[in-house]
Amino acid sequence: MTFSLLARCAETGRFGMVIASSSPAVAARCAHARAGVGVAASQNITDPGLGARMLDLMGDGLDADAAVARVVAEARFVEYRQLMAVDAAGGAGFHSGAHTLGVWGHARGDGVIAAGNLLAHPDVPDAMVGGFESAVGELGDRLIAALLAGRDAGGEAGPVHSAGLLMVDRESWPVASLRCDWSDEARPIEAVARAWQVYAPQMAAYIQRAHDPREAPSYGVPGDE
């Protein structure tokens with residue numbers, strides 16, 4: 001049903017994740033990140049509240065592994081949940097319940113974790129981590145590389161209809177939240193990758209507009225805001 005990757009950039013401290021699924025609007029339910037704290041995902045049969053709970057626990061000082069373990073100990077129906085988190089030190093936590101759907105797996109790297117369910121092949125998470133670690137550029141570029149690597153490794157067993165990229169930096173809001181909530185043509189990953197290509201050169205300007213719009217450049221679009 002879903003494949004995703006969560007990561008912390010050791011150079012900038014940014015957190016981000018990418019995700020794709022046959023379900024609609026997957027990023028709206030499954031992707032969670034908080035500046036200075038971490039990034040978390042609740043997937044398989046999703047409870048979005050668990051993503052926020054993991055972030056709260058990491059914000060209170062637990063590392064990612066302990067935050068995931070606490071949620072598993074406290075929450076109902078965790079046997080249906082697949083949970084991931086990456087903390088401010090780059091540590092990662094993971095849980096996949098007994099009722100995780102289909103072929104599933106996970107893979108870890110330095111400050112990065114990937115996992116999925118209903119996968120076409122069990123090596124999809126390894127391919128995503130490999131794609132992330134071998135890519136160059138800033139965090140968003142590497143996240144997109146990971147998503148494309150997961151697609152190329154087979155992705156989900158069925159057609160993928162939604163995808164997203166979420167990234168936080170120092171601000172209280174996401175500096176990037178790019179989504180394709182439904183694609184009949186089953187090309188949402190390509191849509192999100194293209195959106196990142198367009199948005200990446202402008203991202204700093206949109207941050208600057210929040211801090212001081214007098215100094216922020218315009219890109220010549222009528223009604224640009």
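This is a short chat about helix H2 and the residue Thr100 in a predicted model.

Me: Before we start, what kind of model is this, and how are residues numbered?
Reply: The model is predicted, so local features need pLDDT of at least 70 and side-chain atom pairs count only at pLDDT 80 or more, while totals for chains, interfaces and linings use all residues. Residues are numbered from 1 along each chain as its sequence is written, and side-chain values use heavy atoms, with hydrogens and water left out.

Me: OK, which residues of H2 are buried?
Reply: In H2, which covers residues 48–59, the buried ones (under 20% relative accessible area, with a 1.4 Å probe and protein chains only) are Leu50, Gly51, Met54, Leu55, Leu57 and Met58. They cover an arc of only 160 degrees around the axis (taken from the directions from the helix axis to the C-beta atoms), which puts them on the same side of H2.

Me: And what do they pack against?
Reply: The buried residues of H2 pack against strand E3 (31–34), strand E4 (38–44), helix H3 (64–74) and strand E5 (81–87); helices (H or I, at least four residues) and strands (E, at least two) are DSSP runs, numbered from the N terminus.

Me: New topic: where is Thr100, and why does it count as buried?
Reply: Thr100 sits in the loop between strand E6 (92–96) and strand E7 (105–109), and it counts as buried because its relative accessibility is 10%.

Me: Which residues does Thr100 contact, leaving aside neighbours within four places in sequence?
Reply: With those neighbours set aside, Thr100 is in contact (heavy atoms within 4.5 Å) with Asn44, Glu79, Arg81, Gln82 and Asn117.

How values were computed. Expected span 1.5 Å × (residues − 1). Buried < 20%, exposed > 50% of the residue type's maximum accessible area, 1.4 Å probe, protein only.
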